[in-house]
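Here are my notes for you on this one. Keep the structure open while you read, and go through the points in order.

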Amino acid sequence: MVAAITMTTGMGSPAPAGDAASRVEAYLDGIRQEPGRLREFALDLPKGADIHAHLSGSVPTRGLLGSAMRDGLCLDTTSFAASAPPCRAGQRPARDVATDTSFGDDVMRAWSMQSFTPGGESGHDHFFATFGKFGAAAAHKGEMLAAFASQAAAENEFALEVMLSRQPGAIGELAKKVGSDPDPARLRDRLLAGGAMATIVKAARADADADLKEMRATLRCDKEGADPGCELPLRFILQVTRTNAPEVVFAQMLLGFELAEADQRYAGLNLVAPEDDPVALRDYRLHMRMLGYLRGVYSKAHIALHAGELVPGIAPAGDLRFHIGEAVRTGKAERVGHGVDITGEDGSGALLAEMARKHVLVEIALTSNCQILRVCGDRHPFAAYRRAGVPVTLVTDDAGIEHTDLTSEYTRAITTYGLRYADVKSMARAALDHGFLQGRSLWRGADDYVPAPECAGTPLGGTAPPAACKALLKDSPKASAEWNQEAAFTAFEDRYDG
Ligand SMILES: [Zn+2]
C-alpha cells in the first residue's frame, strides 16, 4: 500500500527518486531507539491532520480546569463533577485547586486518564465517565477550538477536522414533538415540515459563526503575530449520540445531512457515545439503515463511523461479529473509527479486502484503544489492516483525556510496529486525502499518491506550479492543504540532505 515516492530537492531540481527519502529512512533507523530524538523527528514530521478528534476530549485537562476556575464552577468533593454555582454542601469552588494541589491532582485524575490504573473501575468506564464530570467546564467552544488549532499547527498538521455536538436540546424537542415513524422517508418529511429543522440548521450555523469568532480572537488571527493555527482550514463533524431514542438519533443524523448541504464548514457526521451501551447495541442495525437511507437522499455530508470499538466482555459475542461490516455496507461509512474487533468479524478476510477495494480508511487510535479497551501492541489489528492494503492513518480520539498528542501516536506506531519513513508519510498523506475537506484531491486516484495530471511533472509543493495545477489548488481546499503538506515534506527531507 506504500506508493513509490517521487522526490525533489529544495531547489526544485529533480533528485534521483528515493534519495531524499532514503536519507530520512537511514536517519530514522539510527534514532528509532532514542525516545528524545524520535519525539523530535515525529514532531517535525508533517502529519496531515488528526481526523478523529472529539473537541471537548481533545482540550488539555488543565485548560478545562482553568475554565472551571474562571467561570466560578463548583466541584463535587466525591465525584469531582463540575456544576454551576452557587456551591452546595459536598462541593468546593473549582478555584480551590489553585491553593490545594492534592485537590487539583484528584480532579485531574477524575477528569482524565492521568495515573489511571484499572481496579474497581475499568479504563473504559473511567474514560466515558470523564465527559460527565468536566462537561460544565467545556462551555467555551471557541477557546477550545483555538487550543486545538494552535496545537495542530505546532505539530505540523495541515487541516483541522473536529467532532462536536450542536443544538442537542432543540433536536431532542423536535424529535419528541414529531414522534417516531417506521418509514424513514415519512419521518424525514415530518421533521422538515413547518420549518423547525430549518431553524435548528440556522442556529447551528450561527453557533459555528460565534465559535469561529471566539477562536479567531483567541488566536489573534487578525492581528500581528497571529497563531499559525489561524491558517488551517477547519471542518466540523456533527456528533450523533447513538444512545438516544431512535427518533432522536434520526433527527440528529438529519441535522448533519442538512447542515452539510447548507454550510461547507459542516463536512459530515459520526455516531458517538459508547458503542457497547445497551441502547447503542440494540439499535445498531437500525442506525446503519437510517444512515443508508439518508445517504441516498443527500450527496454532500460525509460519513465516518465509530465501529468495532469493542472487545469480548464489554459487549455480547454476537455484536463483535458484524459492526464494521454493517458500518461499511449498510451505513455507507467512508471511514471507520477504531475497527478494533475486525479479526472477529464474520468473513473478516473478505471484509478487509472490501475495505481496501472501496478505500475505506481506518482511523487508528493506538493510545485510546490501549487505555480504554486494553488492546495494545501486537493485540491491535493495525498490522492486519496494513497487510490487507486498507488505508490507515493515526488519530488521537481524545488527546486531552488521554494525555497524548498526534506526535506521540506517531512515535508509538514507529516504535511498536517498526514503521519506516515511507509508512508514516503515507499515513500523513492519507489523513488529508481521506479527510473531509471539499474538493478534488491532489492525487490521481485513491491511495496511489501519484499527482493528478494537472500537477504532474512539477515539484510538489513548489512555489510556481503550472497554470492548470494552480487552478486545481485554487478550486480545491483539499488539494491546497495537500500541496502545503508536500511543501513541508520537501523542507523536512531537505534537513537530512548530506
Ligand atoms: Zn472517538
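1. Let's start in the middle of things, with helix α16. Its residues Leu-366, Thr-367, Ser-368, Asn-369, Gln-371, Ile-372 and Leu-373 are buried. That makes 7 of the 8 residues in α16 (366-373), so the helix is largely enclosed by the rest of the structure. Do keep in mind that this is a predicted model.

2. What do the buried residues of α16 pack against? Helices α6 (123-134), α18 (399-402) and α19 (406-417) are on the list, along with strands β8 (335-338), β9 (361-364) and β10 (392-394). Look just past the end of α16 too: Arg-374 has a positive phi there, about 60 degrees.

3. Now find the sheet. It is open, with 7 parallel strands in the order β4-β5-β6-β7-β8-β9-β10. The edges belong to β4 (160-164) and β10, which have a single partner strand each, so one side of each is left without a neighbour in the sheet. On average, neighbouring strands are turned by 25 degrees against each other, ignoring direction.

4. Zoom in on one edge. Strand β4 pairs with β5 (234-241) in the parallel sense, over 5 bridges. One pair to click on: Leu-164 has Leu-238 in β5 as its bridge partner. As for helices on the sheet, α20 (421-433) packs there and touches β9 and β10, with its direction at about 95 degrees to that of β10.

5. Next, the nonpolar residues. The largest nonpolar core has 122 residues, and Ala-149, Val-162 and Met-253 have the most contacts inside it. Helix α11 (246-262) gives the largest share, 10 residues. Both domain 1 (63-122) and domain 2 (141-433) contribute residues, so this core lies between them.

6. Val-162 deserves a closer look. Leaving aside residues up to four places away in sequence, Val-162 touches Ala-53, Leu-55, Leu-145, Phe-148, Phe-236 and Ile-237. There is also a second, separate core of 10 residues, with Met-113, Leu-310, Leu-320 and Val-340 among them.

7. Finally, zoom out. The chain has 22 helices and 10 strands, and 48% of its 498 residues count as buried. Its C-alpha atoms fill a box of roughly 70 × 60 × 50 Å along the principal axes. For 498 residues, a compact globule would have a radius of gyration near 23 Å, and the chain's 23 Å agrees. Among contacts with a separation of 6 or more, 74% come from residues 24 or more positions apart.

Definitions and conventions
Residues are numbered from 1 along each chain as its sequence is written. This is a predicted model: local features need pLDDT of at least 70, side-chain atom pairs count only at pLDDT 80 or more; totals for chains, interfaces and linings use all residues. A nonpolar core is a set of buried Ala, Val, Leu, Ile, Met, Phe, Trp, Tyr and Cys residues joined through C-beta atoms within 7 Å. A residue is buried if 20 or more other C-beta atoms lie within 10 Å of its own, exposed if 12 or fewer, and partly exposed in between; C-beta atoms are placed from the backbone. Helices (H or I, at least four residues) and strands (E, at least two) are DSSP runs, numbered from the N terminus. Domain bounds come from an automatic or database domain assignment. Two residues are in contact if their C-beta atoms, placed from the backbone, lie within 7 Å. Two strands pair if DSSP finds at least two bridges between them. Axes are lines fitted to C-alpha atoms, for helices over the stretch in contact, and angles run from 0 to 180 degrees between N-to-C directions. The radius of gyration is taken over C-alpha atoms; the globule rule is 2.2 Å times the number of residues to the power 0.38.
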